[in-house]
Amino acid sequence: ATRAGKIIRDVMSRGELGIVEKGKNDLQTEADRSAQRCIMASLSRQYPTVAIIGEEGPSNCEVPSDWVVTDCDQTILSLQCPSEYLQVTDKDIAVWVDPLDGTSEYTQGLLEHVTVLVGIAVKGRAVGGVIHQPYYNHSAGTGESIGRTFWGLVGLGVGGFTPQDPPPGRLIITTTRSHSNELVQKALDVFNPDEVLRVGGAGHKVLLLMEGKAHAYVFASKGCKKWDTCAPEAVLTALGGKLTDIHGNPYEYDKDVQHTNARGVLATARGISHASFVSKIPQEIRDAFA
Ligand SMILES: O=P(O)(O)O[C@H]1[C@H](O)[C@@H](O)[C@H](OP(=O)(O)O)[C@@H](O)[C@H]1O
Ligand SMILES: [Mg+2]
Ligand SMILES: [Mg+2]
Ligand SMILES: [Mg+2]
């Protein structure tokens with residue numbers, strides 16, 4: 001993920017984004033394509049029989065040798081693997097890769113909204129995740145960034161960042177900046193929030209929950225996909241938060257599930273009652289996402 005982040009910064013520095021329209025309001029750049037080739041080549045070299053699903057489809061994994069990352073973080077490897085994973089085999093695993101989350105924001109220069117997402121599902125549950133933010137600590141002046149990498153494993157914990165809790169006494173909700181509609185707005189209005197943070201990136205929105213900048217991510221629309229939510233859900237869950245569909249039910253991440261999260265997203269920060277948010281979702285919205 002960190003190597004992919006460098007590729008994303010290099011494409012931007014060269015200024016040739018190679019933008020392709022995959023569909024309506026659905027862009028893909030050379031950074032998306034190259035970042036995915038880097039991640040797929042690295043993972044498939046190490047785990048040739050594990051199912052790896054990337055947003056940008058099958059990837060040509062013939063990449064420059066320095067794009068193939070095989071070293072591991074020894075500090076993490078030295079930790080005790082939770083017992084529930086000791087018997088896991090390759091066929092139990094599905095890896096969901098969003099090589100560049102926030103492509104639209106990337107093309108618009110909202111660079112801190114961009115994340116690289118690698119999620120690991122075991123028997124359909126999102127349990128492992130890596131969220132890399134290539135433009136963290138972006139000093140516009142020198143154009144230098146160092147990036148940062150969050151990780152989490154349910155049952156073990158999280159690393160790479162300092163978890164913060166959202167401020168008591170007020171309610172801050174994060175949601176889409178670019179795909180709002182009447183239902184999305186209705187689902188926000190029922191909570192009467194003190195502040196709404198309209199930002200890009202599914203990964204970026206969950207980062208706000210984990211760094212104490214928002215209490216909940218409420219998105220009553222079927223816009224995002226499994227590669228958008230697998231890694232963020234795993235890291236958030238490992239921290240003590242929760243991510244479900246708008247009804248409060250978990251999404252499945254088996255390799256053959258449909259890619260669209262058809263029942264929206266409802267996520268809450270650590271220490272926030274997810275059930276209390278679910279209970280406030282009006283019947284009109286439940287019906288719309290039955
Ligand atoms: O990886 P990309 O295509 O940038 O991922 C998109 C999501 O698919 C899309 O749902 C998000 O839309 P919202 O901002 O409206 O939540 C977009 O931000 C990116 O995460
Ligand atoms: Mg995309
Ligand atoms: Mg995405
Ligand atoms: Mg993407």
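The exercises below treat the metal sites, one acidic loop residue and the two largest pockets of a predicted model.

Because the model is predicted, local features need pLDDT of at least 70 and side-chain atom pairs count only at pLDDT 80 or more, while totals for chains, interfaces and linings use all residues. Residues are numbered from 1 along each chain as its sequence is written, chains are lettered from A and ligands numbered from 1 in the order in which they are written, and side-chain values use heavy atoms, with hydrogens and water left out.

**Exercise 1. Locate Asp 98 and describe its surroundings.**

Step 1. Asp 98 belongs to strand E4, residues 93-101, where strands (E, at least two residues) and helices (H or I, at least four) are DSSP runs numbered from the N terminus.

Step 2. Asp 98 counts as buried because its relative accessibility is 0%; buried means under 20% relative accessible area, exposed over 50% and partly exposed in between, with a 1.4 Å probe and protein chains only.

Step 3. Neighbours within four places in sequence left aside, Asp 98 is in contact with Glu 55, Thr 115, Val 116, Leu 117, Trp 227 and Asp 228, contact being heavy atoms within 4.5 Å.

Step 4. A polar atom of the Asp 98 side chain lies 3.5 Å from the backbone nitrogen of Asp 101.

**Exercise 2. Work out which residues hold the magnesium ion (ligand 4) and the magnesium ion (ligand 3).**

Step 1. For ligand 4, the protein donors are Glu 55 (OE), Asp 98 (OD) and Leu 100 (O), at 2.0 to 2.3 Å from the magnesium ion; donors are N, O and S atoms within 2.8 Å of the metal (3.2 Å for Na, K and Ca), and since water is not among the atoms, sites may look incomplete.

Step 2. Along the chain these donors follow the spacing E-x42-D-x1-L. Glu 55 lies in the loop between strand E3 (51-54) and helix H3 (74-77) and Asp 98 in strand E4, so the pair ties together parts that are 43 residues apart in sequence.

Step 3. The magnesium ion (ligand 3) is coordinated by Asp 98 (OD), Asp 101 (OD) and Asp 228 (OD) at 1.9 to 2.1 Å, with the sequence spacing D-x2-D-x126-D. Asp 101 counts as buried because its relative accessibility is 5%.

Step 4. Glu 55 bridges ligand 4 and the magnesium ion (ligand 2), which lie 3.6 Å apart, whereas ligand 3 and ligand 2 are 5.1 Å apart.

**Exercise 3. Characterise the environment of Asp 245.**

Step 1. Asp 245 is found in the loop between strand E12 (242-244) and strand E13 (265-268), and it counts as buried because its relative accessibility is 0%.

Step 2. A polar atom of its side chain lies 2.8 Å from the backbone nitrogen of His 247, and, beyond neighbours within four places in sequence, Asp 245 is in contact with Tyr 251, Arg 263, Gly 264 and Leu 266.

**Exercise 4. Describe the linings of the largest pocket and the second largest pocket by residue class.**

Step 1. The lining of the largest pocket divides into 28 nonpolar, 10 polar and four charged residues; Ala, Val, Leu, Ile, Met, Phe, Trp, Tyr, Cys and Pro count as nonpolar, Asp, Glu, Lys and Arg as charged, and the others, Gly among them, as polar.

Step 2. H2 supplies the largest share of this lining, five residues.

Step 3. The lining of the second largest pocket has eight nonpolar, 11 polar and 11 charged residues.

Notes
A polar contact is a pair of N or O atoms within 3.5 Å; within protein, one must be able to donate a hydrogen and the other to accept it, and residues adjacent in sequence count only if both atoms are side-chain atoms.
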